[in-house]
Amino acid sequence: MAWSVFTLRKENRSFGFLSLFLSKFYFILSRNFVYLSLHTSNPKTVTKNMEEFSTGTDPRVPAVKPDSKPSSLEEVPLEAASAAVSEDAEVDKDLLCPICMQIIKDAFLTSCGHSFCYMCIITHLRNKSDCPCCSQFLTNNQLFPNILLDKLLKKTSARQISKTASPVEQFRQALQQGYEVTIKELDNLLSLLAEKKRKMEQEEAERNMQILLDFLQCLRKQKVDELNEIQTDLQFIKEDINSVERHRVDLYRARDRYSVKLRMLGDDSSTRKPWSSSMDKNNSGIVSSSLNIRGGMPAGNLQNKKIDGKTQLSGHVSQRKDALSGADSQGFNQSGLSVARKKRIHAQFNDLQECYLQKRRQLANQLHIKQESDKNVIHREGYNAGLADFQSVLSTFTQYSRLRVIAEVRLGDLFHSANIVSSIEFDRDDELFATAGVSRRIKVFDLSMVLNEPADVHCPVVEMSTRSKLSCLSWNKHWKNHIASSDYEGIVTVWDVTTRQSLMEYEEHEKRAWSVDFSRTDPSMLVSGSDDCKVKVWCTKQEASVINIDMKANICCVKYNPGSSNFIAVGSADHHIHYYDLRNISSPLHVFSGHKKAVSYVKFLSENELASASTDSTLRLWDVKENLPV
């Protein structure tokens with residue numbers, strides 16, 4: 001080859017220069033093609049290189065199909081490029097597709113020198129006919145596979161995988177690639193693996209045993225605590241049973257003493273008459289005998305006296321029987337009443353049990369703290385305060401069984417939907433009460449007229465029309481002529497009952513407003529809750545809300561604490577009652593859980609007692625001060 005070239009140079013120097021130029025140009029062109037594939041993100045560099053090494057030939061020359069066995073001229077620039085890839089810190093950016101910004105998969109080269117993923121560039125050309133990098137006109141016929149770049153990407157990915165792979169994965173890959181290992185090395189490796197496996201199994205078994213032991217110890221501690229709690233509760237119950245039995249015996253003794261006194265008084269009054277009659281009989285008998293002896297009273301009169309004594313005795317016995325029968329009937333009525341009360345207790349036994357244990361434990365804790373603070377406390381066995389408190393609850397619970405209707409307001413057809421009443425509210429002095437509902441009217445009635453003047457249909461003393469169906473009313477406890485309403489459109493309105501006009505309208509709620517309530521301590525403040533999961537506090541002196549509380553569930557009811565305008569109770573559709581301090585609304589002060597469905601109504605019975613009603617058909621009482629269910 002060298003001799004031929006030398007001969008060509010000797011024979012024709014121009015042909016020698018041409019051959020050398022073509023060989024060098026082919027080498028430079030191949031190296032530049034790899035460089036272009038790695039730096040497709042810089043159009044200026046591509047254009048510059050293309051201008052420097054362009055010879056007027058078709059730009060599609062670099063994309064010629066390579067042979068199955070690459071030549072040495074192709075291997076040299078590929079190794080150099082691989083070395084450049086390992087040394088260049090920003091090579092990862094150059095290997096990304098400009099469209100999907102991921103590592104190029106199935107690289108294809110455009111006629112303008114940019115490389116893309118095949119699916120990315122095909123999808124792009126379905127919508128536009130230009131290059132995504134340089135905006136040059138481009139079609140599917142101007143795309144060619146970039147084989148060298150694909151090889152480089154495969155080597156780069158394999159190198160990255162080998163760097164991040166675990167030793168086991170590297171060893172597996174080495175075996176798959178044909179790495180030779182001797183039998184002795186394999187035996188040593190297997191023995192090491194077996195020892196490692198045995199050690200790991202031993203550690204796993206020890207961990208499992210430790211976990212099981214911890215569980216059993218925790219379970220034993222929990223059951224011991226439960227047993228101690230049950231034993232303590234049994235001790236409380238035993239002490240209370242003894243106390244109740246002693247008081248019961250005292251009551252029986254007092255009743256017996258009282259009955260003995262009554263019997264003695266009754267016997268005293270009843271025995272005087274028989275004694276006097278017997279004395280009369282004796283005296284009369286003596287007199288009669290003497291008269292008979294002397295020839296006085298005849299024997300027939302004596303028979304009449306005996307008959308009169310028998311009739312008096314029989315009358316006394318019948319009176320005693322009537323008294324006993326009356327006592328028996330009274331005892332029967334009392335026994336029937338006690339049976340009814342016992343049935344109510346059994347129906348609510350679980351709740352009453354929780355109430356008893358809570359009061360008893362709370363009292364025991366208070367006594368324990370008191371004993372710790374005062375060592376000179378004298379322990380006295382008797383009727384403790386916790387049992388007395390629970391007895392009052394139990395007596396009140398079983399004392400009443402129904403409500404008695406004292407008056408009824410008829411608003412028309414009971415089965416007509418327009419007559420549904422959704423809210424009723426009394427004024428400050430309990431002289432007037434207002435009703436509202438689906439009829440879109442606020443009707444104010446005089447309570448004394450309703451109670452004292454029964455009629456088929458009662459006429460309201462004041463009636464106000466509204467734009468929407470009403471859901472709730474709240475009468476101002478300071479200004480008797482002010483009443484607030486909330487409606488299905490989310491509007492909260494303050495009305496003047498005297499003028500029958502609206503004073504303020506608040507329209508910030510986005511959905512139905514279910515509840516509204518005036519503050520008892522600050523007459524200018526009122527609060528509302530809506531289906532938009534928001535609680536809003538309003539001031540009658542401002543047109544916009546002053547406080548906004550966002551919650552996660554629908555608001556069914558809101559109420560101010562009667563002792564302070566800083567605290568509100570919110571009944572929600574999440575089955576909970578949220579008790580807020582309006583000075584810090586970031587989180588509720590207390591959250592009362594116990595209802596199984598939405599809390600539809602809340603009402604303060606006092607500053608510390610809160611009653612709640614739910615669609616789970618239960619009423620519950622809470623202590624907002626101690627954060628306890630009562």
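**Salt bridges, surface patches and annotated spans**

Glu-226 has a relative accessibility of 32%, so this residue counts as partly exposed. The model under discussion is a predicted one, and Glu-226 makes a convenient starting point for a walk through its charged contacts. The partner of Glu-226 is Lys-223, and the closest N and O atoms of this salt bridge are 3.5 Å apart. Lys-223 is itself partly exposed, because its relative accessibility is 46%. The two residues sit three positions apart in helix H9, which means that about one helical turn separates them.

In the whole structure, the search returns 21 salt bridges. In general, side chains carrying opposite charges can pair when their charged atoms come close. Another of these pairs joins the side chains of Lys-480 and Asp-427, with an N to O distance of 3.4 Å. Here both partners come from loops: Lys-480 from the one between strand E8 (470-475) and strand E9 (482-487), and Asp-427 from the one between strand E4 (421-426) and strand E5 (432-437), so the contact ties together parts that are 53 residues apart in sequence. What is the burial state of each partner? Asp-427 is buried because its relative accessibility is 0%, while Lys-480, at 24%, counts as partly exposed. The cut-off matters for the latter residue: buried means under 20% relative accessible area, so a value of 24% falls outside that class. Both residues also belong to a network of salt bridges that links Asp-427, Arg-428, Asp-429, Glu-431 and Lys-480.

A further salt bridge is formed by Arg-467 and Glu-507, whose closest N and O atoms lie 3.7 Å apart. This pair, too, links distant parts of the chain: Arg-467 is in the loop between strand E7 (462-465) and E8, and Glu-507 is in the loop between strand E11 (501-506) and strand E12 (513-518), 40 residues apart. Arg-467 is exposed, with a relative accessible area of 60%. Glu-507 likewise counts as exposed, at 52% relative accessibility.

Two surface patches are worth a look in the viewer. Which residues form the positive surface patch? The members are Lys-151, Lys-154, Lys-155, Arg-159 and Lys-163. Lys-151 is placed in helix H7, which spans residues 147-164, and is partly exposed at 35% relative accessibility. The other patch is nonpolar and consists of Met-209, Leu-212, Phe-215, Leu-216 and Leu-219, which together have about 490 Å² of accessible area. Met-209 belongs to helix H9 (residues 183-294), the helix that also holds Lys-223 and Glu-226. With a relative accessibility of 58%, Met-209 counts as exposed.

Finally, the UniProt annotations can be set beside the coordinates. From an unreviewed entry, UniProt lists residues 97-135 as "domain: RING-type". In the model, this span is 26% helix and 18% strand, and its end C-alpha atoms are 16 Å apart. UniProt also lists "repeat: WD", again from an unreviewed entry, for residues 506-538 and 592-630. Residues 506-538 are 0% helix and 55% strand, with end C-alpha atoms 8 Å apart. For residues 592-630, the content is 0% helix and 54% strand, and the end C-alpha atoms lie 11 Å apart. Glu-507, the exposed partner of Arg-467, is numbered within the listed span 506-538.

Note on methods
Residues are numbered from 1 along each chain as its sequence is written. This is a predicted model: local features need pLDDT of at least 70, side-chain atom pairs count only at pLDDT 80 or more; totals for chains, interfaces and linings use all residues. Side-chain values use heavy atoms; hydrogens and water are left out. UniProt positions are given in the numbering used here, feature names are shortened, and annotations may be inferred rather than shown by experiment. Helices (H or I, at least four residues) and strands (E, at least two) are DSSP runs, numbered from the N terminus. Patches are made of residues with over 30% relative accessible area and no salt bridge: like charges are joined within 9 Å, nonpolar side chains (Val, Leu, Ile, Met, Phe, Trp, Tyr) within 5 Å. Accessible areas come from the Shrake-Rupley method with a 1.4 Å probe; for residues, only the protein chains shown count as cover. A salt bridge is a side-chain nitrogen of Lys or Arg within 4 Å of a carboxyl oxygen of Asp or Glu. Lys and Arg count as positive and Asp and Glu as negative; His and the chain ends are not counted. The place of a charge is taken as NZ of Lys, CZ of Arg, CG of Asp or CD of Glu. Buried means under 20% relative accessible area, exposed over 50%, partly exposed in between (1.4 Å probe, protein chains only).
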